[in-house]
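Hello,

Here is the structure I promised to pass on. My notes follow below it.

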Amino acid sequence: MGTSKCSPEFRADAVTLYHLSPSGTYASVAKDLGVNHETLRTWVRDAERAARPGAVEATAMEKENRQLRARVKEFEFEREILRRAAKYFAAETSW
């Protein structure tokens, strides 16, 4: 079963099953459910992160930070292009 095909309910049930299996490993629980053990590990990690107080705000801030970093890179790239263009045109106009 692919990650994108699993419903949020299935994911929540998988995380609960993992937590309720005292001797269960990611691999054993994932095998029983028919998913990859790394997928289950990611679901458990995400669920634990979401359960922490302030997790929603932190996640939103992390997303915004990623978007802002991408914009900064874009602006730095554009600035570099403009700097090179200005240098080129300054050389062209000098007689």
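The largest nonpolar core has ten residues: Cys6, Ala14, Val15, Tyr18, Val29, Ala30, Val35, Leu40, Trp43 and Val44. Helix 1 (8–20), helix 2 and helix 3 each supply at least two residues of this core. Bear in mind that this is a predicted model.

Take Val29 from that core. Leaving out residues up to four places away in sequence, Val29 touches Ala14, Leu17, Tyr18, Ser21, Gly24 and Leu40.

Next, the helix contacts.

Helix 1 and helix 3 come within 9 Å, axis to axis, and cross at roughly 90°. That crossing makes helix 1 roughly perpendicular to helix 3. On the helix 1 side, the contact is made by Phe10, Arg11, Ala14, Val15, Tyr18 and His19. Helix 3 brings Leu40, Trp43, Val44, Ala47 and Glu48. Sorted by class, the contact of helix 1 with helix 3 has eight nonpolar, one polar and two charged residues.

How do helix 2 and helix 3 cross? The axes of helix 2 (residues 26–33) and helix 3 (residues 37–51) come within 8 Å, and the angle is roughly 105°. Helix 2 is therefore roughly perpendicular to helix 3. Tyr26, Ala27, Val29 and Ala30 are the helix 2 residues in this contact. They meet His37, Leu40, Arg41 and Val44 in helix 3. The contact of helix 2 with helix 3 divides into six nonpolar residues, one polar and one charged.

Leu40 and Val44 are listed in the contact with helix 1. Leu40 and Val44 are also listed in the contact with helix 2. Both belong to the largest nonpolar core.

Now the aromatic rings. How many aromatic pairs does a search of the whole structure find? It finds three. Here are two of them.

Tyr18 and Tyr26 form a stacked pair. Their centres are 4.4 Å apart, with 5° between the planes. Tyr18 is buried, at 18% relative accessible area. Tyr26 counts as partly exposed, because its relative accessibility is 26%.

Tyr88 and Phe89 form an edge-to-face pair, because their planes stand at 75°. The ring centres of Tyr88 and Phe89 are 5.3 Å apart. Is Phe89 buried or exposed? Phe89 is exposed, with a relative accessible area of 53%. Tyr88 is partly exposed, at 48%.

Two more residues to look up in the viewer.

Lys87 is in helix 4 (residues 55–93). Lys87 is exposed, with a relative accessible area of 60%. Its C-alpha atom is 62 Å from that of His19. Along the chain, Lys87 and His19 are 68 residues apart. His19 is also one of the helix 1 residues in the contact with helix 3.

Arg45 sits in helix 3. Arg45 is partly exposed, with 33% relative accessible area. The C-alpha atoms of Arg45 and Arg66 are separated by 20 Å. In sequence, Arg45 and Arg66 are 21 residues apart.

If you open the model with one thing in mind, start at Tyr18. Tyr18 is part of the ten-residue core. Tyr18 touches Val29. Tyr18 is in the contact of helix 1 with helix 3. Its ring is stacked with that of Tyr26.

Best wishes

How values were computed. Residues numbered from 1 in each chain as written. Predicted model: local features only at pLDDT ≥ 70, side-chain atom pairs only at ≥ 80, totals over all residues. Heavy atoms only, no water. Phe/Tyr/Trp six-rings, centres within 6.5 Å; stacked < 30°, edge-to-face > 60°. Buried < 20%, exposed > 50% of the residue type's maximum accessible area, 1.4 Å probe, protein only. Axes fitted to C-alpha atoms, helices over the stretch in contact; angles between N-to-C directions. Helix = DSSP H or I, 4+ residues; strand = E, 2+ residues; numbered from the N terminus. Parallel < 35°, antiparallel > 145°, perpendicular 65-115°, else oblique. Contact = heavy atoms within 4.5 Å. Nonpolar A, V, L, I, M, F, W, Y, C, P; charged D, E, K, R; others polar. Core = buried A, V, L, I, M, F, W, Y, C linked by side-chain atoms within 4.5 Å.
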